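Please look through the structure below, starting from the overall fold and moving on to its pockets and to a few individual residues.

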Amino acid sequence: MEQLADMFGIGHIMNKYPAQISGGEKQRAAVARSMINRPLIILADEPTGNLDSKSGRAVIEAFAEAKKQMGKTIFMVTHDSFAASFCDRFILLKDGTIYRQLEKNKTRSMFQDKLLEAIKEMNM
């Protein structure tokens, strides 16, 4: 458990009550908690939806670290192009059907540009 807390940068809150920690720390604690039983896949529904940009980035970086260090598969639903840019593969849905699929083959920044372009194209 301490390894997960350190990985997600929340070791310092281990003995605190929920009212004593930030929203980002609560979200990172939830992600760490989801990994305690070592699942093969982690399902994340809008993991950054209620967070400020700094906390959202911390959560997404925690997912990336879990993928890298623990070999986890993260299945994330998001409307946040920044969060989506950390993914290896992106499936864009329109009216309940697959509109387009993209796979990252270059930098995160270039992938985010492709995502935004696809979203813009879909809304035309």
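The paragraphs that follow go from the chain as a whole to its pockets, and then to local details.

What is shown is a predicted model, and every value below was computed from its atoms. The chain contains five helices and four strands, and, when read along the sequence, these elements follow the pattern α-α-β-α-β-α-β-β-α. The C-alpha trace spans about 50 × 30 × 25 Å along its principal axes. Of the 124 residues, 34% count as buried, while the accessible surface of the chain comes to about 8,400 Å², with 51% of that area belonging to carbon and sulfur atoms. If one takes the contacts between residues at least 6 apart in sequence, 49% of them join residues that are at least 24 apart.

The pockets come next. The largest pocket has a volume of about 850 Å³. Its lining is made up of 27 residues, and those closest to the centre of the pocket are M76, C87, R89, F90 and I91. Several elements contribute to this lining, since at least two residues each are supplied by the helices α3 (53–70), α4 (81–84) and α5 (108–122) and by the strands β2 (73–77) and β3 (89–94). By class, the lining of the largest pocket divides into 18 nonpolar, four polar and five charged residues.

The second largest pocket has a volume of about 310 Å³. It is lined by 15 residues, and I10, I13, M14, A29 and R33 are the ones that lie nearest its centre. Here the elements that give two or more residues to the lining are α1 (2–7) and α2 (23–34), and α2 gives the most, with four residues. The lining of the second largest pocket has twelve nonpolar and three charged residues, but no polar ones.

Turning to side chains, a search of the whole structure finds one aromatic pair. How are the rings of F82 and F86 arranged in this pair? Their centres are 5.2 Å apart and their planes stand at 75 degrees, and because planes over 60 degrees apart count as edge-to-face, the pair belongs to that class. As for its surroundings, F86 has a relative accessible area of 24%, so it is partly exposed, a class that begins at 20% and ends at 50%.

The backbone also deserves attention at two places. E46 has a phi near 50 degrees, which is a positive value in a residue other than glycine, and this residue is found in the loop between β1 (41–45) and α3. D95, likewise a residue other than glycine, has a positive phi, near 55 degrees, and its place is in the loop between β3 and β4 (97–103).

Are these two loop residues buried or exposed? The relative accessibility of E46 is 25%, and E46 therefore counts as partly exposed, given that buried residues must fall under 20% and exposed ones must be over 50%. D95, with a relative accessibility of 75%, lies over the 50% cut-off and so counts as exposed.

Conventions
Residues numbered from 1 in each chain as written. Predicted model: local features only at pLDDT ≥ 70, side-chain atom pairs only at ≥ 80, totals over all residues. Heavy atoms only, no water. Phe/Tyr/Trp six-rings, centres within 6.5 Å; stacked < 30°, edge-to-face > 60°. Buried < 20%, exposed > 50% of the residue type's maximum accessible area, 1.4 Å probe, protein only. 1 Å grid on protein atoms, 1.4 Å probe; cavity = no way out; pocket = protein on both sides within 12 Å on 5 of 7 lines; lining within 4 Å. Points joined across faces, edges and corners; volume = space filled by probe spheres on them. Nonpolar A, V, L, I, M, F, W, Y, C, P; charged D, E, K, R; others polar. Contact = heavy atoms within 4.5 Å. Areas by Shrake-Rupley, 256 points an atom, 1.4 Å probe, with all protein chains shown as cover.
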